[in-house]
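Thank you all for coming; I would like to walk you slowly through one chain today, beginning with a term we will need and then looking at it from the outside in. Please take a moment with the picture before I go on.

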Amino acid sequence: MKREVSTEGEDTKRCTGLVIIAGLVAIVVAYNSNIAVADNSARPFSANFIGARTIDSINFSGTGIATHLGKFDLNGSRAIDGQPTPSNPCVGFQFIVVTLTAANGDELWLDATGGELCFDLSNLPLSVPFVAEADFVGTGGTGRFSDSTGDFQMLWSGDAASATPSFTGELWGVVGY
């Protein structure tokens, strides 16, 4: 006599196992989706720009091209700590604030957290080349940048002896929005 083997219990176990595996896969996918969203909020950022400021003004402006902005207008203000001298040609910044405005009107706001401006005073009064660097944080903005954050570094240079001191520079870092 052949013995009949019931597979009903095994089918139930197999089905329960598949449900558990499907649930675990769903949890892993959901967890990784949350990580991906968090990682996508910190995006690489880079920009190149040119600009100028009026003699004796703390304001400056320029234009450039940046990731996440395209063509942008740059407007800012800055104040330095003291005056450079031949024995101490570098000065720190009291403050620098920068607004980058995209063509669609969205703004990205940056505030400096430190930096230095160094002058080559060896060819006074004909030329006064300078180089500056500063670290910035993103402090918000408008449009898609309304809740933006980020860490940035800026490096720019020019000649302070011209009637309208011009500069060129780069800005890079990460922006979250």
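Let me start with the vocabulary: a residue is called buried when its relative accessible area is under 20%, exposed when that area is over 50%, and partly exposed in between. Please also keep in mind that what you are looking at is a predicted model.

With that in hand, consider Glu 133, which has a relative accessible area of 35% and therefore counts as partly exposed. Glu 133 sits in strand β6, the stretch covering residues 129–141, and on the surface Glu 133 gathers with Glu 116, Asp 135 and Asp 151 in a patch of negative charge.

Now, is Gly 150 buried or exposed? With a relative accessible area of 14%, Gly 150 is buried, because the limit for that word is under 20%. Gly 150 belongs to strand β7, residues 149–159, and, if we leave aside residues up to four places away in sequence, Gly 150 touches Phe 136, Val 137, Gly 138, Val 174 and Val 175. The C-alpha atom of Gly 150 is also separated by 9.2 Å from that of Phe 45, although these two residues are 105 residues apart along the chain.

Stepping back to the whole chain, we find 1 helix and 8 strands, running from the N terminus as α-β-β-β-β-β-β-β-β. Of the 177 residues, 29% are buried, while the accessible surface comes to about 10,700 Å², with 58% of it belonging to carbon and sulfur atoms. Finally, among contacts between residues at least 6 apart in sequence, 51% join residues at least 24 apart.

Technical notes:
Residues are numbered from 1 along each chain as its sequence is written. This is a predicted model: local features need pLDDT of at least 70, side-chain atom pairs count only at pLDDT 80 or more; totals for chains, interfaces and linings use all residues. Side-chain values use heavy atoms; hydrogens and water are left out. Patches are made of residues with over 30% relative accessible area and no salt bridge: like charges are joined within 9 Å, nonpolar side chains (Val, Leu, Ile, Met, Phe, Trp, Tyr) within 5 Å. Accessible areas come from the Shrake-Rupley method with a 1.4 Å probe; for residues, only the protein chains shown count as cover. A salt bridge is a side-chain nitrogen of Lys or Arg within 4 Å of a carboxyl oxygen of Asp or Glu. Lys and Arg count as positive and Asp and Glu as negative; His and the chain ends are not counted. The place of a charge is taken as NZ of Lys, CZ of Arg, CG of Asp or CD of Glu. Helices (H or I, at least four residues) and strands (E, at least two) are DSSP runs, numbered from the N terminus. Buried means under 20% relative accessible area, exposed over 50%, partly exposed in between (1.4 Å probe, protein chains only). Contact means heavy atoms within 4.5 Å.
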